[in-house]
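This report goes through the structure shown here by domains, sheet, hairpin and ligand shell.

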Amino acid sequence: MSVVPKLVHTFSETPSSEAVAPNDLDAYWLPFTANRQFKRAPRLLQAAEGMYYRTTDGRRILDGSAGLWAVNAGHCRREIVEAVQRQVAELDYATAFQMSHPKTFLLASRLRELLPGDMDHVFFTNSGSESVDTALKIALAYHQAQGDTERTILVGRQRGYHGVNFGGLSVGGIAANQRQFPNLLPAVDHLPDTHLPDLNAFSRGQPEHGAERADALLEIIERHGAERIAAVIVEPVAGSTGVLVPPIGYLERLRAHCDDHGILLIFDEVICGFGRLGAAFAADRFGVQPDLMTIAKGLTNATVPMGAVGVRKPIHDALMTGPENIIELFHGYTYSGHPLACAAALATLDLYRDEQIFEGAAAKALPFEEAAHTLDSLEHVVDVRNLGFMVGVELQSREGEPGERAREVFMRCYEAGVLVRYTQDTIAVSPPLIISGAEIDRLFATLRSAIEATD
Ligand SMILES: Cc1ncc(COP(=O)(O)O)c(C=O)c1O
């Protein structure tokens, strides 16, 4: 059993409102974490404000990963905190089935204003994973409603991350995430990823080569028959796999192939949405309209868990048929449109608008890119790729120790007061969009020192 040094409390000694550091690390099973290693030297966050976390041992940490690509407006924003406080005192929970509350409608209407094109309906979930599974189910239900009952195949992409539920895991393309779970969805196929390091390494913004990778959809169509394919799902910029930016023309080509063959296109914008690419959504940034869109994370600035699926009008309308007393979609969550999440999301959307956070991100994207590419010439750095406020710094893997070099860099950064993320041997940088020029410099200077210090 591990013990957190210095901060030892028991629940009986500690008032419930006081921040509690656990004195027994055993019971909690951390997600996506090497639990035994972590518990030997835990990293615990106690408080946050703006660009910074404070750890339980009183250190100030510059947040270079916006929590988990989510805290786009910075931490503990007063407007969001107060909105949630007011909401919990007024309406803690509203029954979600056959009942609702006014803020769900208000939020859906606000989102409709922001969502691209004729994407004018919103289904609420509680996470990115739930949004993905919801979007896949809506796609399947749509084709069933159209009488296209054979259209059941879902197409994802290698290296795609679409969360951890069975649908998202099946269309996802990260082998390590699938290895322990043999019973994935059967009717699934995958496009190749868009990573072409020989041609595109050290690209600034969208890489030049690889649009034709979208043509792999034609081979998949050839293999299964277009009339059997329901939907294609991709992250516009693949995030969790280590920031893969789509080649110029790739998403447009994918859209065209889907259009030609009656296949729905789903953009998983769980990371890309809400300003990370310097526009409300990647769909806006790339000028490509998806049929369905998954969002989460930045929707509430991560203050309260919430996700959603944006749905284009023809898809929504195709399901609003039949007798009016019959449920149109047998799907939903106890916490769909939870009042606290709605209050947080409304306050977050106000902040994004009032502080012009997306526009600010667009304006700072170039200095951010410049700072990132100062790492290009470092030893062990085999690629730096970026778009908007997403950067991937790929390091040469050590022989027989994949991920170890990046883990060391991550640890050195953390010890120097900067939080980044790593996947395999790629360091991902994605700070809150309110980051200042001086903080951008500090972030990449710290990363540089950490890479230089790592053999
Ligand atoms: C593109 C994408 N989709 C889905 C998810 C899953 O979201 P969640 O962890 O909220 O379930 C993530 C999480 O990082 C993501 O990046």
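The sections below describe a predicted model.

## Domains

The domain assignment divides the chain into domain 1, made of 43-73 and 356-452, and domain 2, which covers 81-354. Taken over C-alpha atoms, the centres of domain 1 and domain 2 are 26 Å apart.

The contact between them involves 32 residues of domain 1 and 29 residues of domain 2. On the domain 1 side, α2 (66-69), α14 (357-372), β11 (381-387), β12 (390-395) and β15 (426-429) each contribute at least two residues. By class, this side of domain 1 holds 17 nonpolar, 10 polar and 5 charged residues.

## The seven-stranded sheet

Strands of a sheet pair through backbone hydrogen bonds, in either a parallel or an antiparallel arrangement. Here an open sheet of 7 strands follows the order β4-β10-β9-β8-β7-β5-β6, and its pairing is mixed. The edges are formed by β4 (119-125) and β6 (188-191), each of which pairs on one side only. On average, neighbouring strands of this sheet are turned by 20° against each other, with direction ignored.

Within the order, β5 (residues 153-157) and β7 (residues 229-234) run parallel and are joined by 3 bridges. Val155 has Val232 of β7 as its bridge partner.

## Helices on the sheet

Helix α4 (residues 102-114) lies across β4 and β10 (307-312), and runs at about 135° to β4. Helix α9 (residues 216-224) also packs on the sheet, where it touches β5, β6 and β7. The direction of α9 makes about 155° with that of β6. Each of the edge strands, β4 and β6, is thus touched or crossed by one of these two helices.

## The β11-β12 hairpin

Strands β11 and β12 run antiparallel and are joined by 6 bridges. They form a hairpin with 2 residues between them. Leu387 has Met390 of β12 as its bridge partner. In the turn, Gly388 has a positive phi of about 55°. Both strands of this hairpin also supply residues to the side of domain 1 that touches domain 2.

## Ligand shell

Which residues come nearest to the ligand? Of the 14 residues around the ligand, these are Ser127, Gly128, Ser129, Gly163 and Val270. Helix α5 (residues 128-145) gives the most to the shell, with 3 residues. By class, the shell comprises 5 nonpolar, 7 polar and 2 charged residues.

How values were computed
Residues are numbered from 1 along each chain as its sequence is written. This is a predicted model: local features need pLDDT of at least 70, side-chain atom pairs count only at pLDDT 80 or more; totals for chains, interfaces and linings use all residues. A residue is near a molecule or strand if its C-beta atom, placed from the backbone, lies within 6 Å of it. Helices (H or I, at least four residues) and strands (E, at least two) are DSSP runs, numbered from the N terminus. Ala, Val, Leu, Ile, Met, Phe, Trp, Tyr, Cys and Pro count as nonpolar, Asp, Glu, Lys and Arg as charged, and the others, Gly among them, as polar. Domain bounds come from an automatic or database domain assignment. Two residues are in contact if their C-beta atoms, placed from the backbone, lie within 7 Å. Two strands pair if DSSP finds at least two bridges between them. Axes are lines fitted to C-alpha atoms, for helices over the stretch in contact, and angles run from 0 to 180 degrees between N-to-C directions.
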